[in-house]
Amino acid sequence: MNHYTYRELREAAGFIFPLLFFVSVFILFPVLGSFWNSLWQDTPFLTNKFLALSSYARLFKDGLFWEATRFSLLFVLVSVPLELVFGMIFAIILNERSSIRWLLRTVVLLPWAIPVAIGARVWQLIYNYDYGPMNFIATKLTGAPVNWLGSSLGAFFSLVLADVWKTTPFVTIILLAGLQAVPEDLYKQAKIDGTNFIQRFFRITLPIVKPIIIVALLFRTIDAIRIFDLIYVLTGGGPGGATTSISLYGYKYFLLGDFGYGSSVSIILFLIAFGLAFLYIKLGKFREAVL
Amino acid sequence: MRRFYTFGVTFLVLFVLFFGCKREKPILTFAVGGAPSEVVYWEELVKDFEGVTGINVKVLRQPTDTDQRRQGLVIPLKGKQKDPDLFLMDVVWVSQFAASGWLQPFDTYLAGDTTILGAFFEGVIEQVDKYKGNIISFPIYIDGGLLYYRKDILEKYQLEVPKTWEELVKTAKLVQKQERKENSQFYGFVWQGAQYEGLVCNFLEFLSSNGGKMVDESGNFTMATPENTTALKFMHDLIHSYAISPPNTFTEMKEEEVRTSFQRGNALFERNWPYAWSLHQGEDSPIKDKVGIAPLPRFEGKECASTLGGWHIGLSRYSDMKEEAWEFIKFVTSYEAQKKLALNLGWNPGRKDIYDDNEVREALPHFEILKKIFKNAVARPNLPYYSQVSEVIQRELNASIAGKLEPKEALSNAQDRIVEIIQVYEQ
């Protein structure tokens, strides 16, 4: 560190300051504020008092909170890998030279451009018991309509499908950027060496785009663990609370007016997201990959 | 340089827009939302009020969604803001708002004059608008669950309107079997079973019509009684064993889904709120003039019941214009204003004397039945933390009618969780 002059350090600080400022104002302070709220009993119809960590004690004994946590984690585990696989397939197709590439790109990116709430509403119509197209197909195939959102498992996979449809384009864009950074020469040389497509994918493409994959995974995991809007519109957390995510669970307390307990749910969610991000950065050897 | 000027001018315009319209004199603000026709009604009423009193009122438009309307009020009230001065509250929020100390009690304004109160339904005032013995709000619209039936279909099979649930099942099964020959989507009875507040309202009607109670006389929750278990089992059976209610009852059926299903001609009986009447009778409705209403059925040997809903007007304790606000409340709860509500919107006023008005009776003959129903409507538990209790009940009920939990188990789970909630919030 000593080989920097005072002037260099001062200039560096000047460059970093705006970033630090915005991170503090928009990220750090709100998180600390929520944490501070979570230490208080903050319910309009009760007197405000300092509870220290007892909201967290209540949270750990709250079975419904654990159910919500289990649901959110399962949702990440199932939906994110699917999004990655489909995203990769689309990215490879879109990276090929073709006269209709512009059209394909527009079509693939379309779901990402639609607001989540509207997309969810459309899926609700698709799953609708009486007149949804899913049941049109089910009736043709099996002779009886299926109540897609009516069982825990059905509702879970209906949500996963809607989420994969919605966010695969996002993964596609990121991976496409990564694929375009792979030098053409490498493929040409490999072809001369007589490799097939699979070999080229695993030996050339994958190692080069790995850091980009980690970025895509990171964004998707953090987004998926916080899922709210899709569930709010599509299932409302049902049937019987089976699809309640952590965000939805916390939101319900804010709605009731129990801001302290709601804040403690948010803080735990923040910690889970933070832990996952940390894990990705460590496991992905992100530092070395980028530098 | 050109860009600089453009930017400067835009900034100036925005500045003037934001700060230029500073309020000259204080304006009474009234927060109201809901259907477009509802907001239009209030805007007209506000104009009349301004003409009569010279007090200016601004209508703050709120969204249609009930939860969002609540959020829009909780935030300014928690921040002790002067605006909005007046607002409409759903019947289940009133006690939370009152316990939070947000509502101005009206006793000093009433000054011992209780004749005004006599114009309203006594049961509603007692169950909802009183907090610690003080009047804290007034009913503007009233709601209660009703049974809608297809007059034409019952006539076709020469059947009576069912008085008991047992009769309803028998009638619905018979008709459903016949009607299915032509319409494969036909169901006997549609009601609200999705996981939301409406499910609790439906459950309260089933259990009350079986002599059950959610809360006993001393204020303790009694969820897992035999009466309530039978009622919940019956709700489950409507879908799964009698099969007269559609399988998506517990996933999709909220008010509007139920109403459209019935309005399309896909059901014989419907449980819904009174708002559905004017829509069923609308010009574009395929079932116009084929609909009748009746009190909801009861279990053999028990009394009918209807869940009390509706909206109440309240005055913020932080308002800086309480005298003017009181004038507004007197105006909107007056006979004329409430009669207009009935005639223009076809809604059900909070004042009971409107239901006997000749002109209203002529335009809305079903008000005769409504009056009887509202008189004995059952309120949901009146607690500041009701929403939390309801959340738990919804979850367990929904799991049970979905067939995931035995009714008895669901209700005792609900009971246990409610006890935990009470321990947290009752201090």
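User: In which hand does H4(A) pass H7(A)?
Analyst: This is a predicted model, in which local features need pLDDT of at least 70, side-chain atom pairs count only at pLDDT 80 or more, and totals for chains, interfaces and linings use all residues. Residues are numbered from 1 along each chain as written, chains are lettered from A and ligands numbered from 1 in written order, and side-chain values use heavy atoms, without hydrogens and water. A crossing is left-handed if the near helix is turned anticlockwise from the far one by less than a right angle, and right-handed if clockwise. For H4(A) and H7(A), DSSP runs of H or I with at least four residues (strands: E, at least two), numbered from the N terminus, the crossing is left-handed.

User: How is H4(A) oriented to H7(A)?
Analyst: The helices, residues 101–113 and 152–180, pack at about 130° with axes 6 Å apart; axes are lines fitted to C-alpha atoms over the stretch in contact (heavy atoms within 4.5 Å), and angles run from 0 to 180 degrees between N-to-C directions. Angles under 35 degrees count as roughly parallel, over 145 as roughly antiparallel, 65 to 115 as roughly perpendicular and the rest as oblique. The angle therefore makes H4(A) to H7(A) oblique.

User: Which residue in S11(B) is the bridge partner of Phe87(B)?
Analyst: S3(B), residues 86–90, has five of its five residues buried (under 20% relative accessible area; exposed is over 50%, partly exposed in between; 1.4 Å probe, protein chains only). S3(B) and S11(B) pair (at least two DSSP bridges) in the antiparallel sense over five bridges. The partner of Phe87(B) is Gly314(B).
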